[in-house]
Amino acid sequence: MTDAPPLHQGLHRRDYQPDATGPLDGVRVLDMSRLFAGNVLTQILGDFGAEVIKVEPPAGDTLRGWKTKGVSTHWKIYARNKKSLGLDLRNPQATDIFLKLVPSAAILVESFRPGVLEKMGFSPEVLHAINPKLVIVRVSGWGQGGPYGQRPGFGTVIEGMSGFAAINGFDDREPVLPPMYLADGVAGSYGASAALLALREAERPDGKGQVIDLPLYDPLFALLGPQAANFRLSGQPRKREGSRSSNSAPRNVYRCRDGKYVGLSGSTQTMAMRILKAIGRDDLVSDPRFATNADRLANVVELDAAIGAFIGRHDQAELVALMEAAEVTVGPIYDISQIMQDPHVIEREILADYPDPDLDLLPMHHVVPRLSDTPGSIRAPAPALGEHNAELLAELGLDEAQIAGLIADGVVACITAAPAEDAA
């Protein structure tokens, strides 16, 4: 058992809610995806009551191999509320088992390179012939068509080619990729919404299932806003501006006297004027250089210098208290150790500790979003490879001897199979 660091102390300790239900209770999801985007998508559906069946190869979902000190924390969090069925889909017997599950499913999620699902014998035409109301979500890097359709599509490349990296960072340095799985996370969130939109259509009396083409590229590009329109109007691509905003000023990260940082924003006229008064610069309120948002943007270097000088004379806690008393939008720049001890995070259970066989207690994020009448829940921890084989295969009419034979023949995979390799 891994020793838990003291930073988890203070988080609320919650038990799993195995009997909880949600608005997606009764919706079965077959998840054939690998890595992050598909797992985010189905984790959201699972949190709100869907029965998510991870159909895993003998080595397990690739996410199992993303480890911190030997523990696959990504898997533990993004596979919560899921069941695991280990199938070697290269075997015709496994293919038959999978196809027998399709009639009971409402949604199927896959993340193979375009064309691979067809080669496996599971084309949308085949699946819809079995289950006409099935919603099929196809996650890929670039989409099911187009010149880049067959390219590998990891999020790193998407984050570069979408325009994100070009505007992230400082103008006198190289573009900066995000330090997390941004393209995958955005696509997974969009994908959950898309699946429910299609499910709504399929559930109409005359509705039918459909295919959702979900590239990593499109949602991230959409999230970046009106860059194309702005470029056409101005003729200039957006530059990297560090923590400043091209839309409003002041907005930046400022260093405090104790070496810590705060983030501050004055996105409205009222707030901008309030900030100038809070830093004791009433003279700047009437200064024509800072009269309007356009004026402040044009003179942002001078504006930042005035604000930064004031902030630099105060320690972080003192500065935050002073600004909050003046009703200014400011906050400390946190790392995860500070987040885990923040009273707001603790009280609202944005993070909570759940029992875990490897870590004793595992901090996990709350179900997002929060519904008042039909809330989601964390009902079960992430499954071991093939943990639900017996349950799901028995549903198809197989007895214990038949299941044991399938395991012996390598058709069905379980925890005794080779584990996924650690991610490089």
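**View 1. Arg28 of strand 1 has Glu51 as its bridge partner in strand 2.** This is a predicted model, and here we zoom in on two strands that sit side by side in the pairing. Strand 1 covers residues 28-31, while strand 2 takes in residues 51-56. The two pair in the parallel sense, with 4 bridges between them.

**View 2. A helix links the pair into a right-handed β-α-β unit.** The pieces to pick out are strand 1, helix 1 and strand 2. Helix 1 is made of residues 35-47.

**View 3. Strand 1 also pairs with strand 4.** Look for residues 107-110, which make up strand 4. Strands 1 and 4 run parallel and are joined by 3 bridges. Across from Asp31 you'll find Val109 of strand 4.

**View 4. Strand 1 sends its side chains two ways.** Arg28 and Leu30 point one way, Val29 and Asp31 the other. That fits the usual pattern: in a regular strand, side chains alternate between the two faces of the sheet. Whichever way they point, these four residues are all buried, charged names included.

**View 5. One cavity turns up in the whole structure at a cut-off of 30 Å³ or more.** Its volume comes to about 30 Å³. Around the cavity sit Arg14, Glu349, Ala352, Tyr354, Met364, His365 and His366. Strand 10 (351-356) and strand 11 (360-365) each give at least two residues to this lining. Sorted by class, the lining is a mix of 3 nonpolar, 2 polar and 2 charged residues.

Technical notes
Residues are numbered from 1 along each chain as its sequence is written. This is a predicted model: local features need pLDDT of at least 70, side-chain atom pairs count only at pLDDT 80 or more; totals for chains, interfaces and linings use all residues. Side-chain values use heavy atoms; hydrogens and water are left out. Buried means under 20% relative accessible area, exposed over 50%, partly exposed in between (1.4 Å probe, protein chains only). Two strands pair if DSSP finds at least two bridges between them. A crossover is right-handed if, with the strands pointing away from the viewer, the path from the first strand over the helix to the second runs clockwise. On a 1 Å grid over the protein atoms alone, a cavity is a set of points where a 1.4 Å probe fits but cannot get out, and a pocket is an open set with protein on both sides within 12 Å along at least five of seven lines; lining residues have an atom within 4 Å of a point. Grid points are joined across faces, edges and corners, and a volume is the space filled by probe spheres set on the points.
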